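Good morning, and thank you for coming. Please take a moment to look at the structure on the screen.

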Amino acid sequence: MHHIPLGRDTICAIATAPGSAGIALIRISGSEAIGIVDQIFSSSELRTLERAKDRMAYFGKVIHEGKMLDEVLVTCFRAPRSYTGEDVVEISCHGSVYIQQALLEALTDNGCRMAAPGEYTQRAYLNGKMDLSRAEAVADVIASESKMQHHMALKQLRGGYSKELNTLREEMLRLTGLMELELDFSEEDVVFADRTELLALCDQIELKLKKLIDSYRFGNAVKRGIPVAIVGTTNVGKSTLLNTLLGEERAIVSDIHGTTRDTIEDTIHIGGYLFRFVDTAGLRETEDTIESLGIERSQSKIKEADIILAVVDGTRIGEANQLDYVKAIWDERKERMVILLVNKSESLTETDRIDLIEALQTKLSMPMKPIFISAREGKGIDELMGELTQLMETSRVTEADLIVSNARHHQLLRESFDALQRMRLGFDMGLSTDLLTLDLRHAITSIGEITGCEISSDDTLHYIFGHFCIGK
């Protein structure tokens, strides 16, 4: 774990992506930021950088040890109106790796320290510019790879998530205040809170927590890539389908049964969502030890998937127990969504397709229409992609709903919910108020750790911000 120094020295780092580019940005933050840059920056527009107007870019030269390093633009952001809440200076320079490193050396020679990963955002949090959940959203915005990932992270960054959590915390604090007042007047036998009212308030809080907890399955899937398992018996075209979706030869394709003996995963963007496709070993009875292990692993991946692509070979629909496996998948689907794909449809006539649909509906009793595809020729793939997108659009929460995608937040929400459940059980058992408030305080602390209100350990902050990129 990378521990971030908690001193108030002035820090610097490259804020743009590593490597050569047209331009690069170097960020300096701290009480001495303007003074340090002023020692190496020379501009005909300014006698001294101290006179620079906020948020105005000034053209000049960086000179170090008597040599000009680069022509740059320098912009000052004075505290507290900056990202970190401290004085911040940003230097836009040419993107040569040599120039970037030379500028950093000039800054460190004049009193700067190289920033640790996430140190700028940690300073923003410590200086009250954002709470902890919004700070974590900064990393998610940077890491977002799809439209939906970006949407979730941006909504959290804008504070909607924090507002809901703070409201929950305030409600629990009010509940605690009423209960602790009773403790102060316990000898007088005074009751400040009606038990029915307390339980009703507890119900409302639990309902909100449960909604946030339940949203994690969707949020985590979107963040990591929505898991899609490609399932079927051997030689129905699962690997060919994966290769066609990815546009590359990712999986080995062969006419030999049992070629795929392990799961193969890769991701693709469809309709603004990141899907994580898993090609599984063909389902069949086998005495081959290696293949059996692959099938066991496939079964595990099927259970983890949110969407299952059940693939059958349209030219041998009655063979190899294809429909039996599909029926088993359908019966055990639980919350998973199933799409039935009839592959090798290029060999089927229209009459074949009608007869096949009737056979499928009779055999499987599944309220779904199959999608006819040719994985080899790429036919029906657009329809499949449209169906995947439609499934996500109809299953996702609305724009107004909050989505939890952070594993730390999910764990703390569960801890808060469990603590409230214990308090409710204590009510039913007739436990004393002082014992009930212990669980309630635990629930409040767990919520506070998400936004940073209750953070008591520097290790938690080091863990969170240590996973950021340098320069942010």
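I shall speak about a sheet, a helix that packs on it, and the nonpolar cores.

This is a predicted model, in which local features need pLDDT of at least 70, side-chain atom pairs count only at pLDDT 80 or more, and totals for chains, interfaces and linings use all residues. Residues are numbered from 1 along each chain as its sequence is written, and side-chain values use heavy atoms, with hydrogens and water left out.

Let us begin with the sheet. Six strands (DSSP runs of E, at least two residues, numbered from the N terminus) form an open, mixed sheet in the order β9-β10-β8-β11-β12-β13. Strands β9 (264-270) and β13 (371-372) are at the edges with a single partner strand each, so one side of each has no neighbour in the sheet. Pairing requires at least two DSSP bridges; β12 (residues 337-343) and β13 pair in the parallel sense over two bridges. Val 342 stands opposite Phe 372 in β13.

Helix α10 packs on this sheet, touching β8 (226-231), β11 (307-313) and β12. Contact here means heavy atoms within 4.5 Å.

I turn now to the cores. A nonpolar core is a set of buried Ala, Val, Leu, Ile, Met, Phe, Trp, Tyr and Cys residues joined through side-chain atoms within 4.5 Å, where buried means under 20% relative accessible area with a 1.4 Å probe, protein chains only. Which residues touch the most other members of the largest core? Among its 33 residues, they are Leu 241, Phe 275, Phe 277, Ile 307 and Leu 309. Another core, of 30 residues, lies apart from it and includes Ala 24 and Phe 41.

Technical notes: Buried means under 20% relative accessible area, exposed over 50%, partly exposed in between (1.4 Å probe, protein chains only). Helices (H or I, at least four residues) and strands (E, at least two) are DSSP runs, numbered from the N terminus. Axes are lines fitted to C-alpha atoms, for helices over the stretch in contact, and angles run from 0 to 180 degrees between N-to-C directions.
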